[in-house]
Amino acid sequence: MLEYFTDAVTKHFFDFNGRARRAAFWYFVLVYVIIVIVLDIVQGPILHMLTPALTGIFGLLLLLPNLGINVRRLHDTNRSGWWILLWLIPVVGWIILIIWYCEAGNTGTNQHGPDPKAAT
């Protein structure tokens, strides 16, 4: 589980090319959410109301890996990475993207690269 997170953060930090499997994407999201929850608990409710310092810094540090894995996940479903801009449309855009993130990736090579499942 952690290897997907560390892989996205270290090896694919600036990588917006290629494809990311469903497991890699969802494990990244899981670890990201767990770390944010722990940071919120560590900050405490009073400090959190004043400034979201720890979670804000963490979010900024992982902004590019987060965008990268989202784009590569869209590539795995044979969609352009520009579809990530649907996050800017509240509720409707979010639902569409979550559905796409849950879809199985294309089997075989597509325009964004080889099938990541075939490599394993």
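These exercises work through a predicted model of one protein chain.

**Exercise 1. The overall fold**

Task: State how many helices and strands the protein chain has, and give the order of its elements.

Solution:
- Start with the count. The protein chain has six helices and zero strands.
- Now read from the N terminus. The elements run α-α-α-α-α-α.
- Turn to contacts between residues at least 6 apart in sequence. Of these, 66% join residues at least 24 apart.

**Exercise 2. Surface and interior**

Task: Find what percentage of the residues is buried, and what share of the exposed area carbon and sulfur atoms supply.

Solution:
- Take the interior. The protein chain has 120 residues, and 33% of them are buried.
- Take the surface. About 7,400 Å² is exposed.
- Split that area by atom type. Carbon and sulfur atoms supply 74% of it.

**Exercise 3. A nonpolar patch**

Task: Identify the residues of the nonpolar surface patch, and name the element that gives the largest share.

Solution:
- List the members. They are W26, W87, I89, V91, V92, W94, I95, I98 and I99.
- Note the area. The patch covers about 810 Å².
- Assign the element. Helix α5, residues 92-102, contributes the largest share, with five residues.
- Check one member, I95. This residue sits in helix α5. I95 counts as partly exposed because its relative accessibility is 46%, and partly exposed lies between the 20% and 50% limits.

**Exercise 4. The buried residues of α5**

Task: Decide which residues of α5 are buried, and explain why they lie on the same side of the helix.

Solution:
- Pick out the buried residues. In α5 these are G93, L97, W100 and Y101.
- Look around the axis. These residues span an arc of only 100 degrees, so they fall on the same side of α5.

**Exercise 5. The setting of N110**

Task: Locate N110, classify it as buried or exposed, and trace its side-chain polar contacts.

Solution:
- Place the residue. N110 is in the loop between α5 and α6, the latter being residues 116-119.
- Classify it. The relative accessible area of N110 is 12%. Buried means under 20%, so N110 is buried.
- Follow the side chain to H75. A polar atom of the N110 side chain lies 3.0 Å from the backbone oxygen of H75.
- Follow the side chain to H112. The N110 side chain reaches the backbone nitrogen of H112 at 2.8 Å.
- Add the contacts, leaving aside neighbours within four places in sequence. N110 touches R19, H75, D76 and N78.
- Combine the results. H75 appears both in this contact list and in the 3.0 Å pair with the N110 side chain.

Terms used
Residues numbered from 1 in each chain as written. Predicted model: local features only at pLDDT ≥ 70, side-chain atom pairs only at ≥ 80, totals over all residues. Heavy atoms only, no water. Patch = residues over 30% accessible without salt bridge, like charges linked within 9 Å, V, L, I, M, F, W, Y side chains within 5 Å. Areas by Shrake-Rupley, 256 points an atom, 1.4 Å probe, with all protein chains shown as cover. Salt bridge = Lys/Arg side-chain N within 4 Å of Asp/Glu carboxyl O. Helix = DSSP H or I, 4+ residues; strand = E, 2+ residues; numbered from the N terminus. Buried < 20%, exposed > 50% of the residue type's maximum accessible area, 1.4 Å probe, protein only. Arc of directions from axis to C-beta. Polar contact = N/O pair within 3.5 Å; in protein donor to acceptor, adjacent residues only side chain to side chain. Contact = heavy atoms within 4.5 Å.
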